[in-house]
Structure formats: structure tokens, C-alpha cells
Amino acid sequence: TVSERTIVAPAHPHSELTTSLVAILNDAAVPLASLNVVALKRGNVVYAQAFGLQHIGKGIAATSDSLYRIASISKLVTALGAMTLVDKGALDLDRDISDYLGYAVRNPHFPNIAITARMLMCHTSSLRDEGGYFWAPPARLRDVLVPGGALHGKGEMWDRAAAPGAFFEYANLPWGVLGTVMERISGERFDQLMSRVLFAPLGIEGGFHPYDFPPNVLARTATLYRKRIMQGEKEVWNAAGPWVTQVDDYSETAPALRAKADYAIGSNGTAMSPQGGARVSGKGLATLMQLLMNGGQVAGVRVLSERAVAQMLSEQWRYDAAKKNGLSAYGDAAQLFNAWGLGMQHFTDVSGPNRGDRIVARGGFTGVGHMGDAYGLTSGFVFNPTTRDGMIFLSGGVGANPDTQRGTYSAMHRYEERIFTELHEGALR
């Protein structure tokens with residue numbers, strides 16, 4: 001456990017917006033450990049600010065250069081890396097992934113249907129998380145996916161009712177499979193590939209393997225917190241209590257080495273957590289947002305073709321209740337997922353109490369992007385490709401059970417709604 005202190009709003013040109021965001025940070029109902037936000041208008045950053053503490057025990061203030069474990073926004077980042085391979089002709093989105101992996105990958109309940117990278121990126125592969133989605137090396141993904149494998153167990157990673165390509169269900173495991181495919185194609189470990197094709201060309205600090213971060217970058221990696229302890233399987237929250245460290249406290253302990261020198265490239269892409277393990281700052285995410293807004297280039301540096309970006313932004317799946325073609329709900333959140341592209345959600349402005357994908361209270365802001373939620377962090381990355389307006393937030397920890405503060409107009413938590421709405425009203429209108 002660690003101590004805390006109340007944050008006071010610093011001076012800023014958008015003073016009312018800044019005051020509102022600090023009020024969200026310090027809200028006694030659901031306090032946040034830190035908050036990193038960026039707003040882009042017509043493709044340009046118009047507001048970037050950080051509040052709270054990157055490390056509470058050390059009293060280190062969060063800044064716009066603080067890196068966060070961005071949770072499931074990592075899936076969108078991984079998709080960007082995959083599309084660089086598509087551009088080179090090395091990855092065919094509609095080819096059987098068995099051809100890349102070197103062994104047959106089939107849902108045993110639908111053995112005649114091939115699984116493709118497009119299905120992995122659209123959550124329609126029929127792979128599920130019930131059998132797990134992370135295995136440390138030297139475990140091999142082949143032993144997970146193939147019946148009879150040492151890690152296959154009861155085969156709970158395979159949907160028994162829905163065939164590949166037929167049904168949307170949000171899952172993490174497909175991204176570990178995609179990372180493995182990317183390794184097999186490139187001959188590089190997933191994190192190193194992502195650094196070479198995406199982070200380094202764009203000058204973005206961070207990546208998927210903190211062990212390899214330079215000391216100055218590691219020192220700016222935010223620790224994530226909750227005001228929660230576990231008593232067996234029971235969550236015990238105390239908003240008035242101390243912050244409890246969750247992950248990424250590198251103030252005393254160095255990051256873990258996720259893959260040793262003898263790691264067999266292409267054997268287990270889950271090792272670097274393609275689904276949720278990227279560490280990036282709000283500024284870094286703004287650069288990736290500009291990459292997508294600008295058709296694959298930023299400041300004269302081209303990373304993707306316009307065609308690749310257009311494919312990512314194109315709608316690949318849309319919920320159809322009559323056809324029962326997917327799960328729109330996610331846990332207790334109703335109609336959270338209504339449409340999907342390649343590696344990113346399409347936000348369609350469906351709205352209701354604790355229901356829908358509406359971004360701002362007034363409505364009318366539709367776009368694409370991704371949300372994230374893990375280890376106390378919640379995150380959002382959403383932009384409109386036509387207007388090139390966008391919003392990013394990274395919160396470094398939640399101080400009360402967020403499920404007690406459900407959204408008033410969406411399936412987000414109430415504090416997430418407030419962040420998006422304040423950014424939109426204060427920086428984009």
C-alpha cells in the first residue's frame with residue numbers, strides 16, 4: 001500500500017477544462033491515481049495534460065511523457081504492426097494462418113473451416129478466452145491450440161457453437177495467435193518487430209517489453225493502482241483507504257525478462273502480450289492517432305499505405321440482433337460492441353443508461369478506436385476519420401469499485417463518460 005495526496009489544477013490555457021478534469025481525478029466517489037489526456041482537432045493536438053501521480057509512494061508527478069500499460073488499446077497497436085506486413089505482401093489477411101504457423105489450426109468442432117488473420121483481428125475466429133490467453137515460454141502455442149497438445153486441456157479455447165467467421169465475440173487469445181503469426185512471418189520476436197516497424201520510425205518511446213526500455217524511459221513508466229485488496233476471490237474496495245500497487249512498479253524492482261535468448265521465435269506470441277501489454281504515453285498514442293488520420297504517415301514518415309489504413313478503418317462486422325451474429329454485450333455492459341473494423345471498434349452512438357457505445361453526452365460523435373481496462377487502468381482512444389477530431393485518456397488507477405458508478409448514457413463507467421465529455425466540450429467544440 002502507498003500514500004496519496006490531493007492534486008490541484010495547474011495553470012493552463014484551457015483553464016475550465018483543466019479544472020473539470022482535476023475534479024474528476026479527485027472525485028471522492030471514484031478517485032483516480034493519475035490521468036493523462038490528449039485532444040486533437042482537425043488532426044492537430046490542441047490539448048495535452050497530465051494530472052495526479054505517476055508513482056504515489058515516491059510522489060512522482062504524472063506528465064504528458066509518462067508511459068502507461070495501455071491495456072486493450074494494445075490490440076489496435078498490434079493491428080498497425082500486422083498491417084505493415086500486409087503492405088509488404090508478407091501477410092495475406094484471408095489466408096489460412098496454418099500456412100504461416102506450420103501446423104493445422106482448426107476449431108475441432110468445425111474442422112473444415114480455415115481461420116484467417118482477418119478473423120483474428122475482427123474477433124470472429126471462434127477462439128475464446130476460457131482456456132487462457134497467456135503462457136510463459138518455453139510453452140508453445142501449438143500445444144494450446146491443437147487437440148491432444150499438452151496445454152489444450154478441455155479445449156475451452158474453441159467455441160463449440162459458432163464457426164470461424166460467423167460470430168463476433170470479443171477475446172484476447174486471438175491477438176496472441178496473431179503475434180505468433182507475425183513472428184513466423186518476420187523471423188523477429190513480436191516486441192522487437194513492433195519496435196522496428198512502428199515505434200522507432202515514428203519516434204515513439206515504449207513498446208511491449210519494459211525489460212528492454214532505456215533507464216530514462218523506464219523511469220517514466222507509470223505504476224498502476226487500485227484501492228482494492230482481494231480476500232480469496234472477493235474484492236474489498238475502500239475509497240478512503242490507501243492505493244494498492246497493481247503492476248509496473250519499477251522503483252525498486254526491475255522489469256521481468258519475458259523471453260530468454262533461447263526463445264523459439266514463432267512459438268508463442270503471447271509472451272509479449274500483444275492483446276494488452278504495450279506501454280505508451282498519451283503523446284505516443286496521439287502520434288498513432290495522427291498516423292491513422294493522415295492515411296499512414298506522420299510528419300513525412302510513412303509507416304503504412306493509404307490502402308492499409310483504409311482497410312483498418314473499414315467496417316468488417318456489424319451487430320445484427322435478428323441474425324444473432326455476435327455478442328454485443330460485454331459482461332454487464334449492454335450493447336457495448338455494435339460494429340468493428342480491423343483491430344478497432346466502430347463507435348456508432350448507441351445510447352442508454354449503462355448501455356451503448358456513445359462517446360459524449362450530447363451524442364453525435366461517431367468514430368473508431370479502442371478502449372482498455374486492466375490492473376486498475378482504464379483508457380480510451382477514439383477519433384472521427386472525417387473531421388479528424390480525436391480524444392485519448394489514460395487513467396492510472398481507480399479508487400473505488402467502478403461498477404458502482406455505471407454510465408448514464410453508455411456502457412462506459414461514469415468517470416470515463418465525464419472525461420470524454422469534458423474533453424469534447426472543452427477542447428473540440
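This is a short dialogue on how to read some features of a predicted model.

Student: Before we look at any detail, what is the mean pLDDT of the chain?

Tutor: Good place to begin, since this is a predicted model. The mean pLDDT of the chain is 95, and 97% of the residues reach 70 or more. Residues 1-11 are a stretch to read with care, as the pLDDT there is below 50. In the model, that stretch has 30 contacts beyond near neighbours in sequence.

Student: Let's try a helix. How far apart are the end C-alpha atoms of α9, and what span should its twelve residues have?

Tutor: The idea is to count 1.5 Å a residue, which for the twelve residues of α9 (residues 282-293) gives 16 Å. The end C-alpha atoms of α9 are 16 Å apart, so the two values agree. You can repeat the exercise with α2, which covers residues 73-87. With 15 residues, α2 is expected to span 21 Å, and its first and last C-alpha atoms are 22 Å apart, which is close.

Student: How do residues along a helix point?

Tutor: An α-helix has 3.6 residues a turn, so residues three or four places apart point the same way.

Student: And how many residues of α9 are buried?

Tutor: Eleven of the twelve, so you can call α9 mostly covered, taking buried to mean under 20% relative accessible area. Among the buried residues are Leu285, Leu288 and Leu292, along with Met289 and Met293. Gly282 and Gly284 are buried too. Helix α2 is also mostly covered, with 14 of its 15 residues buried.

Student: What should I look for at the ends of these helices?

Tutor: At the start of α9, look at Ser281: one of its side-chain oxygens comes within 3.3 Å of the backbone nitrogen of Lys283. After α9 comes Gly295, with a positive phi near 70°. Helix α2 is followed by Gly89, and the phi of Gly89 is positive as well, near 80°.

Student: What is usual for phi and for peptide bonds?

Tutor: Most residues other than glycine have a negative phi, and most peptide bonds are trans. Now for some cases here. His123 is not a glycine, yet its phi is positive, near 60°. You will find His123 in the loop between α4 and α5. Arg388 also has a positive phi near 60°, and sits in the loop between β16 (377-384) and β17 (389-395).

Student: Is His123 buried or exposed?

Tutor: His123 has a relative accessible area of 1%, so it is buried. Arg388, at 26%, is partly exposed.

Student: Which kind of peptide bond joins Pro137 to Pro138?

Tutor: That bond is cis, with omega near 15°. Pro138 belongs to the loop between α4 (117-122) and α5 (142-145).

Student: How do I read a sheet? What is the strand order in the open sheet of three strands?

Tutor: Go from one edge to the other: the order is β8-β5-β18, and the pairing is mixed. The edge strands, β8 (244-247) and β18 (397-398), each pair on one side only. Strand β5 (residues 224-226) runs antiparallel to β8, and three bridges join them. For one bridge to find on screen, pick Leu224 and look for its partner Val247 in β8.

Student: Which residues does His152 contact beyond its sequence neighbours?

Tutor: Leaving aside neighbours within four places, the contacts of His152 include Asp143, Val146, Met157 and Trp158. His152 lies in the loop between α5 and α6 (173-186). With a relative accessibility of 9%, His152 counts as buried.

Student: Last topic: how many aromatic pairs does the structure hold?

Tutor: There are 14. To read one, check the distance between ring centres and the angle between planes. For Tyr170 and Tyr330 the centres are 5.4 Å apart and the planes are at 80°, so the pair is edge-to-face. Tyr170 is in the loop between α5 and α6 and Tyr330 in the loop between β12 and β13, so this pair ties together parts 160 residues apart in sequence. Tyr170 is buried at 12%, while Tyr330 is partly exposed at 42%.

Student: How is the pair of Trp317 and Tyr319 arranged?

Tutor: That pair is tilted, with 6.4 Å between centres and 50° between planes. Trp317 is buried, at 8% relative accessibility, and Tyr319 is partly exposed, at 30%. These two pairs belong to one aromatic cluster, formed by Phe168, Tyr170, Trp317, Tyr319, Tyr330, Phe337 and Trp340.

Notes: Residues numbered from 1 in each chain as written. Heavy atoms only, no water. Helix = DSSP H or I, 4+ residues; strand = E, 2+ residues; numbered from the N terminus. Expected span 1.5 Å × (residues − 1). Buried < 20%, exposed > 50% of the residue type's maximum accessible area, 1.4 Å probe, protein only. Polar contact = N/O pair within 3.5 Å; in protein donor to acceptor, adjacent residues only side chain to side chain. pLDDT = per-residue confidence, 0-100. Contact = heavy atoms within 4.5 Å. Pairing = 2+ DSSP bridges. Phe/Tyr/Trp six-rings, centres within 6.5 Å; stacked < 30°, edge-to-face > 60°.
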